[in-house]
Amino acid sequence: MSVDELTLSQAQELRRGTVVLACLALLRKPQYGYALLETLNDAGVLVDGNTLYPLLRRLEKQGLLTSEWNTDEPRPRKYYQVSPDGSLVGAGLVREWHDLVASISRLTKEDR
């Protein structure tokens, strides 16, 4: 494997855990899956549907998201929104994220 391929593979691992945090942050307002997928990708959080949809179902099963079908339009869509517990977990993950970023920043300073 080349260095570029290894870097890409490791970057993908690094991003994997951030998708949960991004979803909990974005779903403070209801969104359907495809719109969420586009929002994440547009923001640079690259994820595909085969990853996102099972994640949404898992977060819902864990009680972190709620969902509701909207059948008012010609094509029914399932809208997801963060639950009260999901808001609390999301806030905790944001704190963890900030702590982790600060720690990694300290570790990677060139003048150590």
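Let's start where two helices meet: helix 2 (residues 18–26) packs against helix 5 at an angle of about 130°, and their axes lie 9 Å apart. That angle makes helix 2 oblique to helix 5, since angles under 35 degrees count as roughly parallel, over 145 as roughly antiparallel, 65 to 115 as roughly perpendicular and the rest as oblique. This is a predicted model, in which local features need pLDDT of at least 70 and side-chain atom pairs count only at pLDDT 80 or more, while totals for chains, interfaces and linings use all residues. Residues are numbered from 1 along each chain as its sequence is written, and side-chain values use heavy atoms, leaving out hydrogens and water.

Which residues in helix 2 meet helix 5? They are Thr18, Val20, Leu21 and Leu24, and their partners in helix 5 are Gly86, Val89, Gly90, Leu93, Val94 and Trp97. The residues of this contact divide into 7 nonpolar, 3 polar and no charged.

Helix 2 also takes part in the largest nonpolar core, which has 18 residues. Such a core is a set of buried (under 20% relative accessible area, 1.4 Å probe, protein chains only) Ala, Val, Leu, Ile, Met, Phe, Trp, Tyr and Cys residues joined through side-chain atoms within 4.5 Å. Helix 2 gives the largest share, 5 residues. Cys23, Leu52 and Leu65 have the most contacts inside the core. Leaving aside neighbours within four places in sequence, Cys23 is in contact (heavy atoms within 4.5 Å) with Leu36, Leu40, Leu52, Leu55 and Leu59.

Finally, look along helix 5 (residues 84–108) to find Asp99.

Definitions and conventions. Helix = DSSP H or I, 4+ residues; strand = E, 2+ residues; numbered from the N terminus. Axes fitted to C-alpha atoms, helices over the stretch in contact; angles between N-to-C directions. Nonpolar A, V, L, I, M, F, W, Y, C, P; charged D, E, K, R; others polar. Buried < 20%, exposed > 50% of the residue type's maximum accessible area, 1.4 Å probe, protein only.
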